[in-house]
Amino acid sequence: MSIDFYGGIRALSKEILSGRTTPGELQAQSLRRIRERDGEIGAFVSVVDGKHDAHDELGWLAQLPSHATGGVAGHLFGIPFAVKDNMCVRGLETTCASRALRGFRPVYTGTAALKLLHSGATIMGTCNMDEFAMGSSTENSAVHPTHNPWRLSAVPGGSSGGSAAAVAAGMVPFALGSDTGGSIRQPAAFCGVVGLKPTYGLVSRYGLVAFASSLDQVGPLTHSVEDAAIVLSVIAGHDDRDSTTVPGRTRDYVSALTGDLTGLRVGVAQEYLGEGLADGVRTRFMEAVELMRSRGAVVINVSLPHTPHALSAYYLIAPAEASSNLARFDGVRYGHRAQSVDALLDLYQRSRSEGFGPEVKRRILIGTYALSAGYYDAYYRRAQQVRTLILQDFEQAFADVDVIVSPTAPTTAFAIGEKAADPLAMYQSDVGTIPANLAGLPAISVPCGFVDGLPVGLQMIAGLFEEATLLRAAHAYEQAAGFSPLRPSLCEEVN
Amino acid sequence: MQLSKEDVTRVAALAHIHVEPPEVEALVRDLSRILDYASDLLQVEGLSVLPTLHGAKQGMPLRPDQVRPSLPVQRVLANAPDVEDNCFRVPPVLGDNP
């Protein structure tokens, strides 16, 4: 029997509950799709075939205090999923797509993955990414580049490009990604899937290899907003292993999905529609806004005047934090160690030089420079002050609107190699997604049509911990627009 | 902002990353361009505001400081490149250049 992952988690769950399929059959189907399609897409770094050590964690988990189980979590029983290759799952090689971590097998499982396993979901493997999540195309992977299922010569976006491509190509019903400057939303837009970055502090990062700790957040990539709500309901919540997580902020997000846009106040900021935005993307965006207006939403112009400085602030703050976080990769406790060195400092320098790729080195050096004596005030502190101004812009805007909409990325998926040699051109790809990270706000990308055969993403941003509003708006738009789920022609069923 | 080769070499030393001469050339070019791009921050007005360190406006509550079981030593050492007597083994520290 052929089972389709595009119909969503709830439909798959019904199949299991009615006895028409089993978790084992879904796992086998996922493996079949990975074998059929991943040769040309390259979404996975490692694939789990059969029962995995990670499931042994469950005995240990039973000793933990209260956990997200119950109604919504029940939908995930037997559902296959994948994680980005920067999320620790015990015993499953986790490399951050870097030579620096080749062969590294975590000795514990991170909280988000553990909660999914506890809900009965089945882990299928780890997905490709830009090395240490630094990039917007999944070309900066030391393993292999990932190809976009909509057009194999195009990038899937990044850095969670493997997770987005795996979902888009029907290999798994959903995957986890991480989003530091757009790394869930931009690949979701490029691959025609839904990508959600929750509020900073809603989902535990315990077990996520840190890139920029004041920005990193874990979230799902799915075929629909409802699936994103199901996964979020399970992975959200306080965790005393991540001090940024907040008690008492979670809920059943699925019940927030009313399908109704009436009276929703939708903000449009001209700052997101400036130079660099492709005409076709602008057209699809304006159509989406008009559709929401026609369904009862109130469209309001808002101003986010410091948006033009967000990219600069981000590309100082994130590298500064990365330069500190990545100091741990020194060849001593795990990861790549240089051979034939006879002094400790030499071991550090050679191991890191051999382990890190060019973009990671660039960002560590920029970050180290921004934090170094004489430059801290001019760069790092100034970037953090601009961050305050960006936060204030959003606070003012959200006094008048419920969500702010924008194109997720300024273009559709670009060709592999097109921006690989120009870091600044690559950074521009994140111009629409970075502000939400700087402000800690929840944001989602949903498909809003095509330009020349490639998907376009609509981004919605909401206020802090307003995931219910965000998902309600995104779901209502999705229902009205009728684009999701999208199936690339490459992935049409042949049997 | 034009960096020099010496700037890049100094920063690489601070970051404990060995860079070969051809890499230095490329890094001088790339890092200078990135800093040039970021120079728009120098033009922003109203920077009397306090810096924002993270997105957690809710604060960061700490957990109670209680003794709990930790990972067994063998698991902690499982990924180590070199181990001796339950310790991470490294080359000699003495004789190292500061």
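This is a short talk about chain A of a predicted model, and about a few spots where chain A meets chain B.

Okay, hi everyone. Before anything else, please keep in mind that what you see up there is a predicted model. Let's start with the whole of chain A and then zoom in.

If you go through the secondary structure of chain A, you get 15 helices and eleven strands. How compact is the chain? Its radius of gyration is 21 Å, and the globule rule gives 23 Å for 495 residues, so chain A is as compact as a globular protein of that length. If you'd rather think in terms of a box, the C-alpha trace spans about 70 × 55 × 45 Å along its principal axes.

What share of the residues is buried? For chain A, the answer is 67% of 495. Then there's the question of who touches whom. Take the contacts in chain A with a separation of 6 or more: 76% of them are between residues 24 or more positions apart. As for the outside, chain A exposes about 15200 Å², and 49% of that area comes from carbon and sulfur atoms. Charges, quickly: there are 40 positive and 49 negative ones in chain A, and their mean positions are 2 Å apart.

Right, let's go inside. The largest nonpolar core has 77 residues. Among the ones with the most contacts inside it are A:F132, A:L316, A:F356 and A:I461. Who builds this core? Several helices of chain A give at least two residues each, including α9 (310-325) and α12 (376-397), and so do α1 (5-14) and α2 (21-38) of chain B. The largest share comes from α9(A), with ten residues. There's another core, apart from this one, with 73 residues, and A:I123, A:V268 and A:F285 are among them.

Let me pick out A:F356 from the first core. Leaving out residues up to four places away in sequence, A:F356 touches A:A100, A:E131, A:F132, A:L326, A:F329, A:K361, A:I364 and B:I17. Notice the chain B name in that list.

A:F132 is on that list too, and its backbone deserves a look. Here's the background: most residues other than glycine have a negative phi, and most peptide bonds are trans. Now, A:F132 isn't a glycine, yet its phi is positive, about 55°. You'll find A:F132 in the loop between β3 and α5 of chain A. Buried or exposed? With a relative accessible area of 2%, A:F132 is buried.

A:C96 also has a positive phi without being a glycine, again about 55°. Its place is the loop between β2 (80-84) and α4 (111-118) of chain A. A:C96 counts as buried as well, at 1% relative accessibility.

Now for the cis peptide bonds. One of them joins A:G158 and A:S159, with omega about 10°. A:S159 is in the loop between β3 (122-127) and α5 (161-168). Another cis bond runs from A:S484 to A:P485, with omega near -5°, and A:P485 lies in the segment after α15 (467-481).

Back to the loop between β2 and α4, since A:F104 is there. A:F104 is buried, at 12% relative accessibility. What does A:F104 touch, beyond its neighbours within four places in sequence? Its contacts are A:C88, A:L92, A:E93, A:T94, A:Y334 and, from the other chain, B:N79. A:G91 is 13 residues away from A:F104 in sequence, and the two C-alphas are 8.7 Å apart in space.

Just past that loop we get to α4(A) itself. Seven of its eight residues are buried, so α4(A) is largely enclosed by the rest of the structure. One of those buried residues is a lysine, A:K115. And just after the helix, A:G120 has a positive phi of about 95°.

My last stop is A:R362, in helix α11 of chain A. Buried or exposed? A:R362 has a relative accessible area of 12%, so it's buried. Not counting residues up to four places away in sequence, A:R362 touches A:P423 in chain A, along with B:L27, B:D30, B:L31 and B:I34 in chain B.

That's my tour. Thanks for listening!

Key:
Residues are numbered from 1 along each chain as its sequence is written. Chains are lettered from A and ligands numbered from 1 in the order in which they are written. This is a predicted model: local features need pLDDT of at least 70, side-chain atom pairs count only at pLDDT 80 or more; totals for chains, interfaces and linings use all residues. Side-chain values use heavy atoms; hydrogens and water are left out. Helices (H or I, at least four residues) and strands (E, at least two) are DSSP runs, numbered from the N terminus. The radius of gyration is taken over C-alpha atoms; the globule rule is 2.2 Å times the number of residues to the power 0.38. Buried means under 20% relative accessible area, exposed over 50%, partly exposed in between (1.4 Å probe, protein chains only). Contact means heavy atoms within 4.5 Å. Accessible areas come from the Shrake-Rupley method with a 1.4 Å probe; for residues, only the protein chains shown count as cover. Lys and Arg count as positive and Asp and Glu as negative; His and the chain ends are not counted. The place of a charge is taken as NZ of Lys, CZ of Arg, CG of Asp or CD of Glu. A nonpolar core is a set of buried Ala, Val, Leu, Ile, Met, Phe, Trp, Tyr and Cys residues joined through side-chain atoms within 4.5 Å.
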